[in-house]
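Me: I'd like a close look at one part of this protein: the sheet, and whatever packs around it. Could you walk me through it in one go, with some context from the rest of the chain?

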Amino acid sequence: MDRSSRQPDDALAGEARDVVSPPAARALWWGSAGVVLAVLGTSVLVAGAEHGRRLPLAVALVLVQVCALRWQASAPVVVLSVNAVTGLVVWALLPAVTLTGALLAAQVGLCVVSAVRPRRVSVPALAAMCLPAPLALGANGGPGLAAYLPAVVLAWTAGQWRRAQQARMRAETHRAVVEERARIAREVHDVVAHTLSVMVIQAGAGDDVFTERPEQARQALRAIETGARSALGELRLLLRAFRLDAEEDGSGEQREPGPSLARLDELADAVRATGMTVDVHREGATDGLSAAVDLAVYRIVQESLTNTLRHAVGADEVSVCVRVTAGGECVEVTVVDNGRTAHRSSMAVGAGRGLVGMRERARLVGGSLRAGPLPGGGFEVAARLPWERAS
């Protein structure tokens, strides 16, 4: 398999491993180190005032815990083990420091393990942190146990909550990636399918008259060139829109207008160049229509014309009507051709990719679309889209 084709999926897989970014790791270290120094450090200084010989060692162990927190994002299990052992030693040196306070850094480490490691790792870590509970019970009785166990369980639960948040964010990111891929596929299909259909017909017509009517053949070649340039322009716009740094592009390059109802006549001219009669009717002004609905109407017309070129047997005339309803509540678009319905019955039920794409476009903007053969012959595509003004 091509290596480049795996990059998007590999990126998602990397996110699923719960790797903490360097900025987040630094913020986690500074935050947790500050809490440990403020709480445990103060407790050690107060409790060690009466144990002058033990105080330096206890302070050194606290500093070891703080330094170990530097690697809790990359090696959380090791850091948890180190801080648990040193915390127990601090508590043994200074019993006046509660076991809950002495193991504060270990509780922070348990929270990180729970957040970035699977449950098969975090649950044994939770069980190991519960083992010193009898010590808390023996030293401070019921209150000591009531303070220690909830603190440990709360640390593990906080990590699980964070892990669930990260999983939800990854799921939303993955869904957004899938939707964006589908949108890109629809855009590319609409641009390429329409242009290639026109080019194929023009190439066939040019070949038929190449010897007898060279001027008509040249017209067909010019139409192919025009269609190809238009498709390349649309593809450039499409690719530029998906660039991550599109907003920072200061090249000053002259940009062509994107697909919209304002370019509907250009779309019709490309089909007229194949010899087909295309009548375009507009009823009501579409100025101020939102970009999403404007693009949807354009693509529906484009795909309908493409289907006429590719599938309409004997079609030589197609009518396009874009109408704004009274009151401006919605936009209606109708594309009707006079081709025979043979070989097109499957398209009526949405078997064709083009019709599926058109229905999806209409649905995404809150509209509806129907398509099928007409009783008297021909094929009709009719869509009704809600009016949405540009913000």
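Reply: Let's settle one term up front: a residue is buried under 20% relative accessible area, exposed over 50%, and partly exposed in between. By that yardstick L57 is partly exposed, because its relative accessibility is 46%. Keep in mind that this is a predicted model.

Some context for the whole chain, then. The protein chain has 13 helices and 5 strands. Of its 391 residues, 40% are buried. If you take the contacts between residues at least 6 apart in sequence, 67% of them join residues at least 24 apart.

Now to the sheet. The 5 strands form an open sheet, ordered β1-β2-β3-β5-β4, and the pairing is mixed. The edges belong to β1 (277–283) and β4, each with a single partner strand, so one side of each has no neighbour in the sheet. From one strand to the next, the twist averages 10°. As background, strands of a sheet pair through backbone hydrogen bonds, and the pairing can be parallel or antiparallel.

The β4 end is a good place to zoom in. Strand β4 (residues 368–373) and strand β5 (residues 379–386) run antiparallel, joined by 6 bridges. Two of the pairings can be picked out by residue: L369 has A383 of β5 as its bridge partner, while G372 is bridged to E380 in β5. Together β4 and β5 make a hairpin with 5 residues between them. In the turn sits G377, whose phi is positive at about 105°.

What packs on the sheet at β1 and β2? That would be α10, which touches both β1 and β2 (317–324). The direction of α10 makes about 165° with that of β1.

The α10 helix has a helical partner too. For two packed helices, the description comes down to the angle between their axes and the distance between those axes. Helix α10 (residues 264–272) packs with α11 at an angle of about 5°, and the axes are 11 Å apart. That angle is why α10 counts as roughly parallel to α11. On the α10 side the contact uses L264, L267 and V271, and on the α11 side Y298, V301, Q302, L305 and L309. Sorted by character, the residues of this contact come out as 7 nonpolar, 1 polar and no charged.

Staying with α11 (residues 291–311), have a look at S304, which lies in that helix. S304 counts as buried because its relative accessibility is 3%. Beyond its neighbours within four places in sequence, S304 is in contact with V335, M358 and V381. Since β5 covers residues 379–386, you can find V381 while you have the hairpin on screen.

Two more spots, away from the sheet. L57, the partly exposed residue from the start, is in helix α3 (residues 55–68). The C-alpha atoms of L57 and V90 are separated by 8.3 Å, with the two positions 33 residues apart along the chain counted as their spacing. Then the aromatics: a search of the whole structure turns up 1 aromatic pair. It is W29 with W30; their ring centres are 5.4 Å apart and the planes are at 40°, so the pair is tilted. W29 is partly exposed because its relative accessibility is 22%, whereas W30, with a relative accessible area of 63%, is exposed.

Note on methods. Residues are numbered from 1 along each chain as its sequence is written. This is a predicted model: local features need pLDDT of at least 70, side-chain atom pairs count only at pLDDT 80 or more; totals for chains, interfaces and linings use all residues. Side-chain values use heavy atoms; hydrogens and water are left out. Rings of Phe, Tyr and Trp (its six-membered ring) pair if their centres lie within 6.5 Å; planes under 30 degrees apart count as stacked, over 60 as edge-to-face and the rest as tilted. Buried means under 20% relative accessible area, exposed over 50%, partly exposed in between (1.4 Å probe, protein chains only). Helices (H or I, at least four residues) and strands (E, at least two) are DSSP runs, numbered from the N terminus. Contact means heavy atoms within 4.5 Å. Axes are lines fitted to C-alpha atoms, for helices over the stretch in contact, and angles run from 0 to 180 degrees between N-to-C directions. Angles under 35 degrees count as roughly parallel, over 145 as roughly antiparallel, 65 to 115 as roughly perpendicular and the rest as oblique. Ala, Val, Leu, Ile, Met, Phe, Trp, Tyr, Cys and Pro count as nonpolar, Asp, Glu, Lys and Arg as charged, and the others, Gly among them, as polar. Two strands pair if DSSP finds at least two bridges between them.
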